[in-house]
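Grab a pencil and work through these exercises with the structure open beside you. Try each task yourself before you read the solution.

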Amino acid sequence: MKKIGVLTSGGDSPGMNAAIRAIVRKGKALGLDVMGINSGYKGCLAGDFRDLDLTDVSGIIEEGGTILRSKRAPEFKEKEERAKAIRNLSQNEIDGIVAIGGDGTLRGANALNREGVPTVCIPATIDNDIYGTDMTIGVDTCLNTVVESVDRIRTTASALERTFIVEVMGRNSGYIALMGGLSGGAEVILIPEVEYNLEEVAKNIYNGYKRGKQHMIVVVAEGIYKEGSAAHYVGKNLKEQIGFEVRVTVLGHMQRGGNPSAYDRGIASRLGAEAVTCLSEGKKGVMLGLHGHNIETVDYSEVLSNKKELDMELYDLAETLAQ
Ligand code: F6P
């Protein structure tokens, strides 16, 4: 292996730049050339590559987003399209790829690997919905943003004794809502993994006020309602039932922005460096997962054929603490 490529794909997540920096610097330390592939798999298809040197990744460890930019590339599912990408990679003498991203990124990396381009994947998504790793790059920063937002909302909610519905991202996973709600001290958490009953929620809110609560924070995962905004749906429903003042806040893409936390920079640096070591030692077709504090390799087949489950004990705990 003489030259490796690096790409970021799908939704960006804070810490991707720290991973790119680690890949370039570790690559150089091992005597490898490193090429950046712009705009994820779209850049593979377009041959949009650039050399990355030590100075190109200087001063990016603290930046959110990705210097390589990111795109979703549904056409990469087509084998004929991927053949174009493989030709471009070969013309640029790229011997292996480190792909940074979530589920779609893994599927693209798996296909390339099967078709002869060695790839290693680093899990990076704010959703933390990837099987085979405790944490993905970006979710810690995202949770800090969610918790700070909930703290801010609580002050105004208390002042006017209001109920706030706070919608967080996560696609089909309730991880952000669960951990954001637990750490933010929410009174109610609604996630796709657990059936909910809005009459019950309304009763809880009503009883909470009767016990002397001055605010009620309901954190809802975007994935609980598919026909529109989850928060507005829940907000309208609860307002009709309890008659109290209800306000809705959708946190949206601010959850993906901002500077990465120390934790995300740390895991991104470790995973980035380890991915290069793996490729240089001839390992391929694996994602690097975090198991406790350790990094372990997990085959793509295992990652892609399993669903990451939420820790329901944490859900029960959040419910117990939300009295
Ligand atoms: O997968 C990351 C994520 O932020 C999800 O939580 C969210 O549902 C989705 O991406 C939003 O995608 P887009 O940025 O394309 O609107």
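## Salt bridges

Glu245 and Arg162 bring their side chains together in a salt bridge, with N and O 3.3 Å apart. Keep in mind that you're looking at a predicted model.

**Exercise 1.** Find out where Glu245 and Arg162 sit along the chain, and how many residues apart they are.

*Solution.*
- Step 1: Locate Glu245, which is in the loop between H8 and S9.
- Step 2: Locate Arg162, which is in the loop between H5 and S6.
- Step 3: Put the two together: they are 83 residues apart, and the pair links distant parts of the chain.

**Exercise 2.** Decide for Arg162 whether it is buried or exposed, then do the job for Glu245.

*Solution.*
- Step 1: You need the cut-offs: under 20% relative accessible area is buried, over 50% is exposed, and anything in between is partly exposed.
- Step 2: Arg162 has a relative accessibility of 14%, so it counts as buried.
- Step 3: Glu245 has a relative accessible area of 37%, so it is partly exposed.

**Exercise 3.** Check that Asp53 and Lys28 pass the salt bridge test, and say which parts of the chain they link.

*Solution.*
- Step 1: The cut-off is a side-chain nitrogen of Lys or Arg within 4 Å of a carboxyl oxygen of Asp or Glu.
- Step 2: The closest N and O atoms of Asp53 and Lys28 are 3.9 Å apart, and the pair forms a salt bridge.
- Step 3: Asp53 is in the loop between strand S3 (49-52) and helix H3 (79-91), while Lys28 belongs to helix H1 (residues 16-29). They are 25 residues apart.
- Step 4: Look at exposure too. Asp53 is partly exposed at 41% relative accessible area, and Lys28 is partly exposed at 27%.

**Exercise 4.** Describe the pair Arg154 and Asp151.

*Solution.*
- Step 1: Their side chains meet in a salt bridge, 3.6 Å from N to O.
- Step 2: Both residues lie in helix H5 (residues 139-160), three residues apart, or about one turn of the helix.
- Step 3: Arg154 is buried, with a relative accessible area of 19%, whereas Asp151 is partly exposed at 38%.

And the total? The structure holds 16 salt bridges.

## The four-stranded sheet

**Exercise 5.** Work out the order of the strands in the open sheet, and explain why S7 and S9 each have one side without a neighbour.

*Solution.*
- Step 1: The order of the four strands is S7-S8-S6-S9, with parallel pairing.
- Step 2: Strand S7 (188-190) and strand S9 (246-250) stand at the edges with a single partner strand each, so one side of each has no neighbour in the sheet.
- Step 3: On average, neighbouring strands of this sheet are turned by 20 degrees against each other, direction ignored.

**Exercise 6.** How many bridges join S6 to S8, and which helices pack on the strands?

*Solution.*
- Step 1: S6 (residues 163-168) and S8 (residues 216-221) run parallel and are joined by six bridges. In this pairing, Ile165 stands opposite Val218 in S8.
- Step 2: Helix H8 (residues 230-242) packs on the sheet and touches S6, S7, S8 and S9. Its direction makes about 175 degrees with that of S9.
- Step 3: Helix H6 (residues 175-184) lies across S6, S7 and S8, and runs at about 175 degrees to S7.

## Where two domains meet

**Exercise 7.** Describe the interface between domain 1 and domain 2.

*Solution.*
- Step 1: Start with the division of the chain: domain 1 covers 3-138 + 260-304, and domain 2 covers 140-256.
- Step 2: The centres of the two domains, taken over C-alpha atoms, are 34 Å apart.
- Step 3: Count the contacts: 14 residues of domain 1 touch 12 residues of domain 2.
- Step 4: Now the area. The two domains bury about 1100 Å² between them, 49% of it on carbon and sulfur atoms.
- Step 5: On the domain 1 side, Asp12, Ile126 and Asp127 lose the most area to domain 2, together 42% of what that side buries.
- Step 6: Two salt bridges are found across this interface. As for Asp12, its side chain meets that of Arg256 in a salt bridge, 3.0 Å from N to O.

Notes
Residues numbered from 1 in each chain as written. Predicted model: local features only at pLDDT ≥ 70, side-chain atom pairs only at ≥ 80, totals over all residues. Heavy atoms only, no water. Pairing = 2+ DSSP bridges. Axes fitted to C-alpha atoms, helices over the stretch in contact; angles between N-to-C directions. Contact = heavy atoms within 4.5 Å. Buried < 20%, exposed > 50% of the residue type's maximum accessible area, 1.4 Å probe, protein only. Domains from an automatic or database assignment. Buried area = accessible area lost by both parts, 1.4 Å probe.
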